[in-house]
Amino acid sequence: ATPMSIIAGVGRSAELGVLVRDADALQKAAEVDTVVFDKTGTLTKGEPKLTALYTFNGFDSQTAVQFAADLEQSSTHPLAKAILEHAADLRISPQTVSDFRTLKGLGVTATIQHKAVLLGNRALLEQHSVALTEAESSFRQESEKGATVVFLAVEQMLAAVFVIRDPLRDDTAAALSRLHRQGYRLVMLTGDQEKTAQAIAKEAGIDQVIAGVLPEGKVQAIRQLQAQGRKVVMVGDGINDAPALAQANVSIAMGSGSDVAIETAELTLMRHSIHGVADALSLSRGTLRNMK
Ligand code: ADP
Ligand code: MG
């Protein structure tokens, strides 16, 4: 494209709520054939809510929520908000902990009342040899319905399972079907567990799921798609997504996302909708007039 049409493209993008940080990105976007989405906060609303709580090994729900809230008060993860909201509903206030640690893509740990407490996904609890047999059936049922299952262990003993749901944005499925009609292959990339990711992907209309990946694994996944000859646009919102955004051929951040993602991305969606991705890609191909 000539510089004049690039300038026009940037102007038209702004009208559509797509902020262009790098004008070259619009040209590069015309070559893309694959759109990779982060799940949480990108395809979903990013406002997870607790929908069920199971307790084990003699723990009661009051105690379980107290431990979980103690841990999550220092976390910025969207799942932490769901647990803290539930605690607030029960008028449980978080107490201070020691040795707090965030394990990216896994969960959080701390010492509470001289006890080692873990809160996070299956992989985290398995790393610490916590027996999960009793939670197996609730885990399977809930994750097959698209819920995220968060495990709590105290002194290596399974204490509770928190079931948390983060529904798709209202227009995600419609925007993805628009991208399908435009001919793109649609991929979901997430740190969440496989079954949960598959259920949500099915509801959204995603072609390929890459689940259970740590932040560094997200970069690897993009590299692999590129090695298969694919030109990839990555759409993300979180701090965890910044390296993957940088690796992609073109990067798009949700405007509601973290500052890091927005600083990394070439394009930023000011409307919190995947329709912005379809708009930006149509615009880059010069076919926007014909779409919608
Ligand atoms: P995503 O790719 O969906 O943004 P993350 O990489 O941030 O996911 O996290 C992957 C998984 O690790 C989450 O689905 C959750 O099971 C677990 N996890 C991470 N942080 C926390 C936390 N603060 N509390 C509970 N679970 C967590
Ligand atoms: Mg995320």
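This passage describes the domains, the ligand shell and the main sheet of a predicted model.

The domain assignment divides the protein chain into two parts, of which domain 1 comprises residues 3-45 together with 167-290, while domain 2 comprises residues 49-165. When the centres of the two domains are taken over C-alpha atoms, they are separated by 31 Å. Contact between the domains involves 14 residues of domain 1 and twelve residues of domain 2. On the side of domain 1 that touches domain 2, the elements that give two or more residues are H3 and helix H9, the latter formed by residues 194-204. Of these, H9 gives the most, with five residues. In chemical character, this side of domain 1 is made up of five nonpolar, six polar and three charged residues.

The position of ligand 1 can be described in terms of the same two domains. Both domain 1 and domain 2 give residues to the shell around ligand 1, and the ligand therefore lies between them. The shell consists of 22 residues, and the closest to the ligand are Thr 40, Ser 75, His 77, Asn 121 and Gly 191. Several elements each supply at least two residues of this shell, namely the helices H3 (39-43) and H5 (78-89) and the strands E5 (107-112), E6 (115-120) and E7 (148-154). Sorted by character, the residues around ligand 1 comprise twelve that are polar, six that are nonpolar and four that are charged. Helix H3 thus appears in two settings, since H3 supplies residues to the shell around ligand 1 and also to the side of domain 1 that touches domain 2.

Turning to the strands, seven of them form an open sheet with mixed pairing, in the order E1-E13-E12-E11-E2-E9-E10. Strand E1 (18-20) and strand E10 (208-210) stand at the edges, and because each has a single partner strand, one side of each is left without a neighbour in the sheet. From one strand to the next, the twist averages 20 degrees. At the edge formed by E10, this strand pairs with strand E9 (residues 185-189) in the parallel sense, over three bridges, and Met 188 has Val 209 of E10 as its bridge partner.

Helices are also associated with these strands. Helix H10, formed by residues 215-227, lies across strands E2 (34-38), E9, E10 and E11 (232-236), and runs at about 155 degrees to E11. Helix H13, formed by residues 275-285, packs on the sheet and touches E1, E2, E11, E12 (250-254) and E13 (267-269), with a direction that makes about 50 degrees with that of E1.

Technical notes
Residues numbered from 1 in each chain as written. Chains lettered and ligands numbered in written order. Predicted model: local features only at pLDDT ≥ 70, side-chain atom pairs only at ≥ 80, totals over all residues. Near = placed C-beta within 6 Å. Helix = DSSP H or I, 4+ residues; strand = E, 2+ residues; numbered from the N terminus. Nonpolar A, V, L, I, M, F, W, Y, C, P; charged D, E, K, R; others polar. Domains from an automatic or database assignment. Contact = placed C-beta atoms within 7 Å. Pairing = 2+ DSSP bridges. Axes fitted to C-alpha atoms, helices over the stretch in contact; angles between N-to-C directions.
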